[in-house]
Amino acid sequence: MSLVVKTVPTKPYEGQKPGTSGLRKKVKVFQGENYTENFIQCILDSSDGAVAGSTLVAGGDGRYFCKKAAEIIVRICAANGVSKLFVGKDAILSTPAVSSLIRRNKAYGGILLTASHNPGGPDNDFGIKFNCENGGPAPDHVTNKIYKLSTEIAQYKIVDGLNIDLGKVGVNQYTVNGAPFTVEVIDSVADYVRLMKEIFDFERLNAFVSGKKTGTPLKLRIDSLNGVTGPYVNEIFLNALGATPNSVVHTTPLEDFGGLHPDPNLTYAKDLVDTVKSGDYDLGAAFDGDGDRNMIIGRKAFFVTPSDSLAVIAHYLECIPYFKKNGITGFARSMPTASAVDLVAAKQNKECFEVPTGWKYFGNLMDAGRLCLCGEESFGTGSDHIREKDGIWACLAWLSVMEHTGKSVEDILKQHWTTYGRNYFTRYDYEECALEPCNEMMTTLEKTITDPAFIGKEYSSGGKTYKTKIADNFSYTDPVDKSVSTKQGLRIVFADGSRIVVRLSGTGSSGATVRLYIDSYEKENVLGSASETLEPLIQIALQISQLPKFTGRDAPTVIT
Ligand code: VG1
Ligand code: CO
């Protein structure tokens, strides 16, 4: 079939600026005339012509508007000289799966259709993200370029007549302007499942999960929250690992996530937490809409903070064949993440990096061979097997640690704290506040804490006193390419190492979300309650930031 390229005049839209992880807006905004087309064209234009003749990958988390957007991508890629496009069946591909496909197929990059953990459906959020040839989220200089192009765009190119059935796996060949263009609709899970089998010892894990090893099957509760991981979870946990069928729930990707908020935390994955609390499960796990986040809980819903999860996996990393084979390089965490992994790194004599919030900051270190395991407090854990965080990978890592130690999740944690001490951590989210007062709060707070008189000050609450030692707006110089990222979050570090971090979210679609992170290290007192241990610091944080006054909120929306 020969097809005609059409050039469509268009006008720039304001605000097509990618945040922490892509462009996220209400679906209605993406449905605006040429809105999605503009942004896709800008992604391709940011390559300065390099997409011509290249291979790309596209897919998303199955939320409302994914299929429509995938069809637009097919038509615009065709018109811009892309040679080959891999698209997941029904436009379904998890974020980790896209990262793997880009790497495996040596693609120029990938376009991910997801607003991750934000709710979906016609009245909720949609998102578009671009990943580069290493499989990782585009770095700032690329997203800045895309944004700049979006403010100048005057036309886009499209092949209108190209209609494709994304529900049918197979190769579709076309000729556009005399050049061949191939769209391969692929099985959404096959490549990813193959990758997991290359990394983990599936035979051992099967014996452990199915009960062949112990005589009793492991009691699992895996909750996909109606997000993209459902088909992956069915294939991996049921078919490959032999878990009992009732081990997995909410495994059909739904356009509105069945009304669930696909964010794996104690608030939004409440059903999982309640079920595991009242049942006799060994392990509970949930993933977010696009499958890159994970929450791990043990028996009776014993909660593993993501900061601890990272440290535990680091400690036992060699029980995973991939690391035994490739060796262990360095570790890393995002700045607000508690520093439990730093202690493991120190013990193993490994490098440990502290980067700004957002997975894109890990990519260079991985590409340079200096980083093999990293994580964020926001339920992100992953390794250099791809360039995205990976929810299912993290769950398989935990199963490997449980199999290796023969211990429960709770005992693994308690032993870890006895060895290293404990980093108590909590995060308060104040979602969808008014933007202006939040900006004002940040400006005021920055002024307060960067005043030299602030250092050495003492703050007391609940019988505890903390003395300020370092305070700044975090800035980061990439050790590999020396690029500098400034204004990455306000941080107050006290003399005993305890920290208060405040930043505004870069993933919301409207208003402002304030994130307040508190952490404190205890060498001996490791079995206390996190909320009680951190209460004095929380009060001090609210006092210094004047958060209640600026936001008008007396309680957070989500507590982790
Ligand atoms: C949040 C998290 C951050 C994470 C990002 C993308 O960003 O804090 O750690 O990398 O989401 O995750 P922010 O700017 O809202 O704090 V995902 O799963 O939404 O791609
Ligand atoms: Co996500």
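**Ligand 1 shell, one sheet and two loop residues**

Q: How many Å separate an oxygen atom of ligand 1 from an N or O atom in the side chain of K389?
A: In this predicted model, K389 faces ligand 1 through a side-chain N or O atom, and the partner atom on the ligand is an oxygen. A pair of N or O atoms counts as a polar contact within 3.5 Å. The separation here is 2.8 Å.

Q: Which residue has a polar side-chain atom 3.0 Å from an oxygen atom of ligand 1?
A: R293 can be set aside, since its side-chain N or O atom lies 2.8 Å from a ligand 1 oxygen. The 3.0 Å value, from a polar side-chain atom to an oxygen atom of ligand 1, belongs to D288.

Q: How many charged residues are in the shell around ligand 1?
A: The shell around ligand 1 consists of 19 residues, and the closest are T20, S116, S378, T507 and R515. Sorted by class, the shell has no nonpolar residues and 10 polar ones. The charged residues number nine.

Q: Where does the space taken by ligand 1 rank among the cavities?
A: The ranking concerns the space that ligand 1 takes up. That space is the largest cavity.

Q: Which strands stand at the edges of the open sheet of β11 to β14?
A: The sheet has four strands with mixed pairing, in the order β12-β11-β13-β14. An edge strand has a single partner, so one of its sides is left without a neighbour in the sheet. This applies to β12 (248–249) and β14 (294–298).

Q: Which residue of β14 stands opposite A285?
A: Strand β13 spans residues 283–287 and pairs with β14 in the antiparallel sense over five bridges. Opposite A285, the residue in β14 is I296.

Q: Is N34 buried or exposed?
A: N34 is not a glycine, yet has a positive phi of about 65 degrees. The residue sits in the loop between α1 (27–30) and α2 (35–45). Its relative accessibility is 13%, and the limit for buried is under 20%. N34 therefore counts as buried.

Q: Is N177 buried or exposed?
A: N177 is another residue other than glycine with a positive phi, near 55 degrees. Its place is the loop between β9 (170–176) and β10 (179–186). Relative accessibility is 63% for N177, and the limit for exposed is over 50%. N177 therefore counts as exposed.

Terms used:
Residues numbered from 1 in each chain as written. Chains lettered and ligands numbered in written order. Predicted model: local features only at pLDDT ≥ 70, side-chain atom pairs only at ≥ 80, totals over all residues. Heavy atoms only, no water. Near = heavy atom within 4 Å. Polar contact = N/O pair within 3.5 Å; in protein donor to acceptor, adjacent residues only side chain to side chain. 1 Å grid on protein atoms, 1.4 Å probe; cavity = no way out; pocket = protein on both sides within 12 Å on 5 of 7 lines; lining within 4 Å. Sits in = over half its atoms within 2 Å of the grid points. Nonpolar A, V, L, I, M, F, W, Y, C, P; charged D, E, K, R; others polar. Pairing = 2+ DSSP bridges. Helix = DSSP H or I, 4+ residues; strand = E, 2+ residues; numbered from the N terminus. Buried < 20%, exposed > 50% of the residue type's maximum accessible area, 1.4 Å probe, protein only.
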